[in-house]
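Visitor: I would like to learn how to read a structure like this one, feature by feature. Could you take me through it, giving the general idea before the particular case where there is one?

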Protein chains: 4
Amino acid sequence: MKHFDSDYMEGAHPLVMQRLLETNLEQTTGYGSDDYTAKAKQLIREACGSDELDVHLLVGGTQTNSTVIDGLLARHEGVLAATTAHINAHESGAIESCGHKVLTLPSHDGKVDADEVEDFITNFYADETYEHMVAPGMLYISFPTEYGTIYSKEELTKLHGICQKHDIPLYIDGARLGYGLACPEADITLKDMKDLCDIFYIGGTKVGALFGECVVARKGLLKHFFPLIKQHGALLAKGRLLGIQFATLFTDNLYHKISAHAIDMAMILKKGFEAKGYKPFIDSPTNQQFFTLQNEVIDRLMQTSTFEIWGTRGKTHSTVRFVTSWATKQEAVEQLIAEL
Amino acid sequence: MKHFDSDYMEGAHPLVMQRLLETNLEQTTGYGSDDYTAKAKQLIREACGSDELDVHLLVGGTQTNSTVIDGLLARHEGVLAATTAHINAHESGAIESCGHKVLTLPSHDGKVDADEVEDFITNFYADETYEHMVAPGMLYISFPTEYGTIYSKEELTKLHGICQKHDIPLYIDGARLGYGLACPEADITLKDMKDLCDIFYIGGTKVGALFGECVVARKGLLKHFFPLIKQHGALLAKGRLLGIQFATLFTDNLYHKISAHAIDMAMILKKGFEAKGYKPFIDSPTNQQFFTLQNEVIDRLMQTSTFEIWGTRGKTHSTVRFVTSWATKQEAVEQLIAEL
Amino acid sequence: MKHFDSDYMEGAHPLVMQRLLETNLEQTTGYGSDDYTAKAKQLIREACGSDELDVHLLVGGTQTNSTVIDGLLARHEGVLAATTAHINAHESGAIESCGHKVLTLPSHDGKVDADEVEDFITNFYADETYEHMVAPGMLYISFPTEYGTIYSKEELTKLHGICQKHDIPLYIDGARLGYGLACPEADITLKDMKDLCDIFYIGGTKVGALFGECVVARKGLLKHFFPLIKQHGALLAKGRLLGIQFATLFTDNLYHKISAHAIDMAMILKKGFEAKGYKPFIDSPTNQQFFTLQNEVIDRLMQTSTFEIWGTRGKTHSTVRFVTSWATKQEAVEQLIAEL
Amino acid sequence: MKHFDSDYMEGAHPLVMQRLLETNLEQTTGYGSDDYTAKAKQLIREACGSDELDVHLLVGGTQTNSTVIDGLLARHEGVLAATTAHINAHESGAIESCGHKVLTLPSHDGKVDADEVEDFITNFYADETYEHMVAPGMLYISFPTEYGTIYSKEELTKLHGICQKHDIPLYIDGARLGYGLACPEADITLKDMKDLCDIFYIGGTKVGALFGECVVARKGLLKHFFPLIKQHGALLAKGRLLGIQFATLFTDNLYHKISAHAIDMAMILKKGFEAKGYKPFIDSPTNQQFFTLQNEVIDRLMQTSTFEIWGTRGKTHSTVRFVTSWATKQEAVEQLIAEL
């Protein structure tokens, strides 16, 4: 059986496991006060190209989103996001459970449109009854999006400019950040991120770690964040586990290298489907590939591979998603293509 | 100056004021444990045609919505509602501040479509990842809607049937219930309400009371509601004020009579506009009337009348709303028409 | 039957009712944007002796406490209060339902001790694990307290100094503020309040209004408070009702005069009990009087009067509370004494 | 340097690490739907002696407490707990951030007294104003407590009986459950737990796992718990990590064996201190040992060992805590004693 369900089907990259093993019986203080965490933070700051960044290590994606958003918004504010945004669609209401509304914008293959963001905010304050409505307090986007697409540098610059004009932070969910930055279509690097948004996270769970997400924020943006992390149940007792993992991923460019592999695999898969006459459902340059296939093709492929039906099954055709990762083997992809 | 901004521009109906004055120096116990409240509840039960109803008196509309919805939903559930629903658009995030997501459905002149409700719920449970999403835990509709439209008995029966099939309560926001029931197009009465939904409220603030909303629920549906009312800051110390007002409104059919007057005034207004060649923006049979007018007409009317621009002002034309109420004077309406 | 259960057993002071009646059919805009509300706010600012004050009119006490506290605290902060504080004991968890912990201090006849406040804060930050605990983000006290006692100017000055030193606001719950200021033991006036705390409210519900509480805050302390009021369900559609009431109460010193009457009545009651050999359970100078009586005395008095047993009934003796108000009649008090 | 700060200073037990390594590159589905998790749950059920138990694997302790408590309480309810309870003192307000009050009871060396629980509940419902207060909706205790003490079977039976009588669940925080069950003073076993409470968790983080807490609940007690776990940010993408760890810990009695080692070390430490004339501050039979020492002794010991000052440092003496774990080396303890 070959598996293309998601990018979190394996454990960690072997080098990460090795470091966890090597350090296993060392004794360190808890809650991220250890040296490994300090080192990871320093490596992350270097990789991001600035010392003026606050870095926090959390455990999972939904947890990170809800803790960060709760930390950024005032009570009367909500978070702008595409209807397809993970926080709107797939977090069981975590954002609302903290008291905040997700203010939805149209999704364009997973992305928000800068003009629509600008219009939303402008129209909001033009409405005389705006104090009876939820104020747009921040903008959430994902890079890559839930549909595998990415923003260009120009698009991000424009979005960030709008946010700055209206004095609200731009937050980028980078659950798959590595895969977004590693694809040839990306015209930004990790070092650009700090200038293109106010806060983002570097996903570990889907990119080589056992678990772990690394929040990088403009210095001072998040206030009193430590007790908030604790309050959200997001504080790992053995914080060094996060430190060790991220330190490993940000040594010798490992994070980027393993991300690039996933993109290579995704492109082999994409071209293989295209060569057999299938057009992508969405033109994704990253590690998630979507195709609309006949149901009988899907059923046949599912005898030897696992992957997700995107949304609900159609009558004759359905859209499916294939995901590659740092751990995907080329032979598995080639076999899948052969079986098409 | 004539005023058509809203249906809460005056105090209370004179008979309500008179009763408040007559009883003013009587001493009663607090928090709705008094005889006036008991009597009001009994009159409401009679007006609704059943003794098997729980009745609660609260102060305001947003407060009532958030307390009721909080009382009905489990933590993992959200409330289905039209995008134009008051709870989604104009309550400053009160529902989300209690932890619940508003799950939006398309608005059809303010109404939800039964098939779209059914599809939403069916698709939700058909999605294999549904436990990562917010479950539809109740349906909220308003009668009349925020656009003045009303549901027919057939439509309500269908909506209620879908809710019953999926075992979720149907809640009707009746901030303007009187105006909805009093219009000739309505094919339901107050006595029908208990069979067409699980819980609704009878709006007082906009229909003759100084303030006050009366929640009517299937017996036992709301559990431990008293402490929840208190927790939501919705418990009036001098609860008898609500009891006296609702007892007055439900004596001698007052609530219905004064509602009917507002509809009469709205129809004079509507026909007056139509006679001058203006087509309604929405074909509302109730006390809110919407027209799209040239901006210069709006500016001229605004010299002698107040009313709301609906949404934001357009470049050449804008949509405006005129609202009548139990207190609207016929001469004011006629003067407005004359000034068109 | 004579009633001493509470200070909210009647409607409003006749002058308040008269003004509500006189203005009843006037048309005003909603949500406190009317002239009556503006006038009330101006009168309140004058009565408080400063134009540099933000004034907000809300409906009820628990609602006011939870909205204000939610508006003042950051997510990781809690509110310091006596164990006997209304917010800790009798608000059905309204504060916690907004996400905030009540951090309790010992109660000294309802009051907190300044040194204990100082120690709490100092010890909190001296604890190396303080970020795992809830930070003291504000201090709540009531004036008079739930036991009828009041703070001296010296005590308030000391408490406020401690709060200022630690940069947290001092909030005074003035549900019965009039009764506290009107008693001869009080060495402060309404004009002193703004200097002795950062924010307080002037209770209307218990002091002559039908309902209504008036928040007075240091300018700029409460940010974005209007949408928060709405979100908390505390925004009255016909806001002018609050404006009219408070404008009346703060014309010709009415608020103070009617408060003084309640104190006169309470002192007759207190002295009457003392003259018959009963020592007060707490030495309250305000409109709540507490005595521990034999159960048979209580049962006898309850045949002709109503009043509350404080806490639970004891085996032989129980503590009871008698409350006077602006509306209490002297003959009722004298009759009660006679029946002792 | 020797470390006695806490029981989470190392990584995982070597056998746990080995299994994580062996399975690292296997592919499994996410969110706990994998076979390892299924196997762990089955082993836990067997270890607990019943198939009629719901088992859930979460990441951390505070997270588990807040998710479980949120899952058990209705909106108007709070959780009874000792003032010293972790949820009251050291979770940064996580419980309150979910909307629930912690209703505190006196702490007796970390334990609650059954009679005081009974009195609290009885007095609550005897108070006529109880609907204005927060209802006791569950009882939280820890085993062992935050002070290292444990309840006897008789005590637990009595507490559980009171809870059953009042129809509220008894929840046991077992962050250190292994250490509590492994000490000779314990007269209960893991198999007894299901009969002595309604829900508890088996701590992994402090007892041999990298991280992980295992909730064991009476079947059906927790409803719709999966989306709640997700909403609380407590759902691990690679759920199998929890499954593998707990399966290892519950194979060949590993969990118990390594717990017993920590107790052996703690007893050597305790007896060593006693032999040198120091009396324990609290008579703890488990892996946390408390002593009040002269500050100069503390300072001297701190040159070669780390451990926590309990609360704040006193003027001449302070209370300190020494914690042993599954990983503590006997020579380290002996060296500490020698240095006393």
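Visitor: Let me begin with a detail of strand pairing: which residue in β5(C) does Val79(C) stand opposite?

Guide: Please keep in mind that this is a predicted model. In it, Val79(C) stands opposite Met138(C), and the two strands concerned, β3 (residues 77-82) and β5 (residues 135-142) of chain C, pair in the parallel sense over four bridges.

Visitor: In what order do the seven strands of the open sheet in chain C lie?

Guide: Reading across the open sheet of chain C, the order is β2-β8-β7-β6-β5-β3-β4, with mixed pairing. Its edges are formed by β2 (53-58) and β4 (102-105) of chain C, each of which pairs on one side only, and from one strand to the next the twist averages 25 degrees. Helix α6 (residues 114-126) of chain C packs on this sheet, where it touches β3, β4 and β5 of chain C, and its direction makes about 170 degrees with that of β5(C).

Visitor: Turning to chain D, are the residues on the two faces of strand β6 buried or exposed?

Guide: In strand β6 (residues 170-173) of chain D both faces are covered, since Leu170(D) and Ile172(D) on one side are buried, as are Tyr171(D) and Asp173(D) on the other. This strand pairs with β5 (residues 135-142) of chain D in the parallel sense over four bridges, and within that pairing Asp173(D) is the bridge partner of Ser142(D).

Visitor: How should I read the overall form of a chain, and how many helices and strands does chain A have?

Guide: Chain A has 14 helices and 13 strands. Its radius of gyration is 20 Å, close to the 20 Å that the globule rule gives for 340 residues, so chain A is as compact as a globular protein of that length. Taken along the principal axes, the C-alpha atoms of chain A fill a box of roughly 60 × 55 × 35 Å. Buried residues account for 57% of the 340 residues in chain A, and of the contacts in chain A between residues at least 6 apart in sequence, 75% join residues at least 24 apart.

Visitor: Now for the assembly: what rotation superposes chain C on chain B?

Guide: The general idea is that two copies of a chain are related by a rotation about an axis and a shift along it. Here a rotation of 180 degrees, with 0.0 Å of shift along its axis, superposes chain C on chain B with an RMSD of 0.0 Å. The two copies are thus related as by a two-fold rotation axis. For chain D on chain A, the superposition likewise takes a rotation of 180 degrees with 0.0 Å of shift along the axis, at an RMSD of 0.0 Å.

Visitor: How many residues of chain C are in contact with chain B, and which elements supply them?

Guide: There are 43 residues of chain C in contact with 43 residues of chain B. On the side of chain C that touches chain B, at least two residues each come from α1 (14-22), α3 (61-72), α5 (94-97) and α10 (225-231) of chain C, and by class this side has 18 nonpolar, 20 polar and five charged residues. Because 100% of the interface residues of chain C are also interface residues in chain B, the copies meet through the same surface.

Visitor: Finally, how do I recognise unusual backbone geometry, and what is the phi of His224(A)?

Guide: Most residues other than glycine have a negative phi, and most peptide bonds are trans. His224(A), although not a glycine, has a positive phi of about 50 degrees; this residue is in the loop between β8 (213-218) and α10 (225-231) of chain A, and it counts as partly exposed because it has 16 C-beta neighbours inside 10 Å. Asn253(D), also not a glycine, has a positive phi of about 60 degrees and lies in the loop between α11 (240-249) and α12 (254-275) of chain D. With 12 C-beta neighbours inside 10 Å, Asn253(D) counts as exposed.

Visitor: Which residues does the cis peptide bond in chain B join?

Guide: That bond joins Phe143(B) and Pro144(B), with omega about -5 degrees, and Pro144(B) is found in the loop between β5 (135-142) and α7 (153-165) of chain B. In chain D, the peptide bond from Phe143(D) to Pro144(D) is cis, with omega near -10 degrees.

Notes: Residues are numbered from 1 along each chain as its sequence is written. Chains are lettered from A and ligands numbered from 1 in the order in which they are written. This is a predicted model: local features need pLDDT of at least 70, side-chain atom pairs count only at pLDDT 80 or more; totals for chains, interfaces and linings use all residues. Two residues are in contact if their C-beta atoms, placed from the backbone, lie within 7 Å. Ala, Val, Leu, Ile, Met, Phe, Trp, Tyr, Cys and Pro count as nonpolar, Asp, Glu, Lys and Arg as charged, and the others, Gly among them, as polar. Copies are superposed by least squares on the C-alpha atoms of residues with pLDDT of at least 70 in both. The radius of gyration is taken over C-alpha atoms; the globule rule is 2.2 Å times the number of residues to the power 0.38. A residue is buried if 20 or more other C-beta atoms lie within 10 Å of its own, exposed if 12 or fewer, and partly exposed in between; C-beta atoms are placed from the backbone. Two strands pair if DSSP finds at least two bridges between them. Axes are lines fitted to C-alpha atoms, for helices over the stretch in contact, and angles run from 0 to 180 degrees between N-to-C directions.
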